[in-house]
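Student: I keep reading words like "near" and "contact", and I want to know what earns each label. Can we go through them together?

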There are 2 protein chains.
Amino acid sequence: MFISTYENKLDKKGRVSVPAAYRSYLSSQGYNSVVCYPSFTNSSIEFCPQDRLEKIIESIDTLSPFEENRDIFSTSILANSFQLNFDTDGRVTLSEKLLNHTGIKEKVLFVGQGKTFQMWDPMSFKKFSDDARKKASLKRSELKWKQTN
Amino acid sequence: MFISTYENKLDKKGRVSVPAAYRSYLSSQGYNSVVCYPSFTNSSIEFCPQDRLEKIIESIDTLSPFEENRDIFSTSILANSFQLNFDTDGRVTLSEKLLNHTGIKEKVLFVGQGKTFQMWDPMSFKKFSDDARKKASLKRSELKWKQTN
DNA sequence: CCATATATTCCCATGAAATCCCATAAAAAG
DNA sequence: CTTTTTATGGGATTTCATGGGAATATATGG
């Protein structure tokens, strides 16, 4: 399972170490690479084992080759995905696209999400999680109010 | 599988390098050439292994109710299809027909579509992709439904 | 059937980017 | 405190995209 968070450094060559805990989980599942794509809802990169993307491909493949939806789905998902291979020391190289989407400069924050994990710029993540916390407390009071009525 | 995008240069001789990642996937599947045809719905060229084209033609056969339509449809694909062989450095040569359909001049954008890939003029693709992203967020729930069924 | 032009493919050189490999530092484990 | 694992830096090597010359194939006209 991917849990906890890890902050690692992006070097001059654009490489970053994937946390050893994540790597050992991946290899225990039989993977030696990961697939990733920019999140649709926030400025993180989502990572998942390759077979997850393969499932998406299979479901797209059920659509007719001349249906508009096929191109729309595959373009918005597959064209923006990357397969990242680990080097011999467990690092991956991040492309310009991925850096731009996240705003990552110096540090990379890995955030475990159970079956997947994310990469964030540490600052962006702090904003995001603070925001999430506020929203949660607003909703909580809303919920309490509804409960008493 | 074919994912991500790669922008390569068209040289004076009309050659372009097929991304190494795509070539290695093709050869892992036992192919050393590709078949391509102009898309019916947009200004890209569709690439696929040869047996896939045969499958597409079969599916046209079963889908179209009128025999006449079938013939027109499948011959129009076949007549406009090319088999492109890789040279010793992994390049293919693009014919005038293909260049005209796409509007490609200097740069060739390869776009992964899972089991197939496309070639685009970078500008045309940007337009298409911005549009696709908007439509995808509207229709994503539709895809999810199909995945579970 | 040959000769010339044109296009196609092979082959090698180059520069840039990706990857390997090793050294060292920092952290964790025993 | 010692040993092992992990993260990081950087030089060495390999891969890849690209350009262009040489060799081969194909077409066209006489």
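Tutor: Sure, let's start with the surface near DNA strand D. Strand 1 (5–9), strand 2 (15–17) and helix 1 (20–28) of chain A, and strand 1 (5–9), strand 2 (15–17) and helix 1 (20–28) of chain B, each supply at least two of its residues. Helices (H or I, at least four residues) and strands (E, at least two) are DSSP runs, numbered from the N terminus.

This is a predicted model: local features need pLDDT of at least 70, side-chain atom pairs count only at pLDDT 80 or more, and totals for chains, interfaces and linings use all residues. Residues are numbered from 1 along each chain as written, chains are lettered from A and ligands numbered from 1 in the order written, and side-chain values use heavy atoms, without hydrogens and water.

Student: What makes a residue "near" a strand?

Tutor: One of its heavy atoms lies within 4 Å of the strand. There are 26 residues around DNA strand D, and among those that come nearest are A:Lys9 and B:Lys9.

Student: Why is the pair formed by A:Lys12 and DNA strand D called a polar contact?

Tutor: A polar contact is a pair of N or O atoms within 3.5 Å; within protein, one must be able to donate a hydrogen and the other to accept it, and residues adjacent in sequence count only if both atoms are side-chain atoms. A polar side-chain atom of A:Lys12 lies 2.8 Å from a phosphate oxygen of DNA strand D, so the pair qualifies. A:Lys13 has a side-chain N or O atom 2.4 Å from a base oxygen of DNA strand D, and 3.5 Å from a base oxygen of DNA strand C.

Student: What makes a residue "charged", and how many such residues are there near DNA strand C?

Tutor: Asp, Glu, Lys and Arg count as charged; Ala, Val, Leu, Ile, Met, Phe, Trp, Tyr, Cys and Pro are nonpolar, and the others, Gly among them, are polar. The surface near DNA strand C has 10 charged, 2 polar and no nonpolar residues. Near DNA strand D, the split is 16 charged, 4 polar and 6 nonpolar.

Student: Why is the meeting of B:Arg52 and A:Asp61 called a salt bridge?

Tutor: The rule wants a side-chain nitrogen of Lys or Arg within 4 Å of a carboxyl oxygen of Asp or Glu. The N to O distance here is 3.0 Å, so the label fits. Between chain B and chain A the count is 4 salt bridges.
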